[in-house]
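Please work through the exercises below with the sequence and the structure open beside you. Each task is followed by a solution that goes step by step.

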Amino acid sequence: MISKIQRRNKIKTRIRGKISGTAARPRMTVFRSNKQIYVQLIDDLAGVTLVATSSKGIGEGTKSEIAAKVGEAIAKKALEAGITEVVFDRNGYLFHGRVKSLADAARNGGLKF
């Protein structure tokens with residue numbers, strides 16, 4: 001029997017084999033824990049994180065509402081850094097719930113992916 005973590009890692013490996021971030025179009029990766037959600041824009045060629053934000057310190061609400069606020073925040077930071085296009089990496093999670101809320105809010109904030 002394969003565990004949840006092994007299943008997610010298998011999906012994650014498959015996704016990462018197909019996508020990669022550059023300085024012009026960084027990879028936007030999402031990590032969600034039970035309480036928080038984190039997002040980074042990564043240039044894989046240079047191996048550096050360009051912009052990052054998380055749900056720590058963001059107000060109250062449901063987890064999906066907080067994820068949407070994080071999506072707006074990452075879009076704002078990315079635009080300030082001169083980044084308009086990204087490659088979305090859902091990191092093995094289903095594109096549903098908090099991950100979808102974050103992605104939709106980032107799109108509404110001005111990021112293209």
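The exercises that follow concern a predicted model, and they treat charged side chains, an unusual backbone angle and contacts between parts of the chain.

**Exercise 1. A salt bridge between two loops**

Task: Determine where Arg25 and Glu85 lie in the chain, and decide whether each is buried or exposed or in between.

Solution: Begin with the pair itself, for the side chains of Arg25 and Glu85 meet in a salt bridge with an N to O distance of 3.9 Å, which falls within the 4 Å cut-off that defines such a bridge. Next, place the two partners: Arg25 sits in the loop between α1 and β1 (27-32), while Glu85 sits in the loop between α2 (63-80) and β4 (87-89), so that the pair links distant parts of the chain, 60 residues apart. Finally, compare the accessibilities with the limits, under 20% for buried and over 50% for exposed. Arg25, at a relative accessible area of 37%, is partly exposed, and Glu85, at 36%, is partly exposed as well.

**Exercise 2. A buried arginine and its partner**

Task: Find the N to O distance of the salt bridge between Asp44 and Arg27, and work out which parts of the structure the pair ties together.

Solution: The first step is the distance, which is 2.9 Å from N to O between the side chains of Asp44 and Arg27. The second step is the location: because Asp44 lies in the loop between β2 (37-43) and β3 (48-54) and Arg27 lies in strand β1, the pair ties together parts that are 17 residues apart in sequence. The third step is accessibility, where Arg27 counts as buried because its relative accessibility is 8%, whereas Asp44 is partly exposed, with a relative accessible area of 23%.

**Exercise 3. A bridge inside one helix, and a network**

Task: Describe the place of Arg107 and Asp104, and then name the residues that salt bridges with shared partners join into one network.

Solution: Arg107 and Asp104 form a salt bridge through their side chains at 3.3 Å, N to O. Both residues lie in helix α3 (residues 98-108), three residues apart, which is about one turn of the helix. Arg107 is partly exposed at 36% relative accessible area, and Asp104 is partly exposed at 28%. Turning to the network, salt bridges that share partners join Arg16, Arg27, Asp44 and Asp89. A search of the whole structure finds five salt bridges.

**Exercise 4. A positive surface patch**

Task: Identify the residues that form a positive surface patch, and check whether Lys18 is buried or exposed.

Solution: The patch is formed by Arg7, Lys10, Arg14 and Lys18. Of these, Lys18 belongs to helix α1, which covers residues 4-18. With a relative accessible area of 70%, Lys18 is exposed, because the limit for that class is over 50%.

**Exercise 5. An unusual backbone angle**

Task: State what is notable about the phi of Asn91, and establish which residues Asn91 touches.

Solution: Start from the general expectation that most residues other than glycine have a negative phi. Asn91 has a positive phi of about 60 degrees, although it is not a glycine. Asn91 is placed in the loop between β4 and α3 and is buried, with a relative accessible area of 7%. When residues up to four places away in sequence are left out, Asn91 touches Arg8, Lys12, Thr29, Val30 and Phe31.

**Exercise 6. Contacts of α3 and the segment after it**

Task: Find the C-alpha separations that relate Ser101 to Gly71, Lys69 to Ser101 and Gly109 to Leu79.

Solution: Take Ser101, in helix α3, as the starting point: Ser101 and Gly71 are 30 residues apart in sequence, yet 7.6 Å apart in space, C-alpha to C-alpha. Leaving out residues up to four places away in sequence, Ser101 touches Ser64, Ala67 and Ala68. Lys69, which has its place in helix α2, is separated from Ser101 by 8.9 Å between C-alpha atoms, with their positions 32 residues apart along the chain. Move on to Gly109, in the segment after α3, which is 8.9 Å from Leu79, C-alpha to C-alpha, at 30 residues apart in sequence. Gly109 touches Ala75 and Leu79, not counting residues up to four places away in sequence, and counts as partly exposed at 32% relative accessibility.

Definitions and conventions: Residues are numbered from 1 along each chain as its sequence is written. This is a predicted model: local features need pLDDT of at least 70, side-chain atom pairs count only at pLDDT 80 or more; totals for chains, interfaces and linings use all residues. Side-chain values use heavy atoms; hydrogens and water are left out. Patches are made of residues with over 30% relative accessible area and no salt bridge: like charges are joined within 9 Å, nonpolar side chains (Val, Leu, Ile, Met, Phe, Trp, Tyr) within 5 Å. Accessible areas come from the Shrake-Rupley method with a 1.4 Å probe; for residues, only the protein chains shown count as cover. Lys and Arg count as positive and Asp and Glu as negative; His and the chain ends are not counted. The place of a charge is taken as NZ of Lys, CZ of Arg, CG of Asp or CD of Glu. Helices (H or I, at least four residues) and strands (E, at least two) are DSSP runs, numbered from the N terminus. Buried means under 20% relative accessible area, exposed over 50%, partly exposed in between (1.4 Å probe, protein chains only). Contact means heavy atoms within 4.5 Å.
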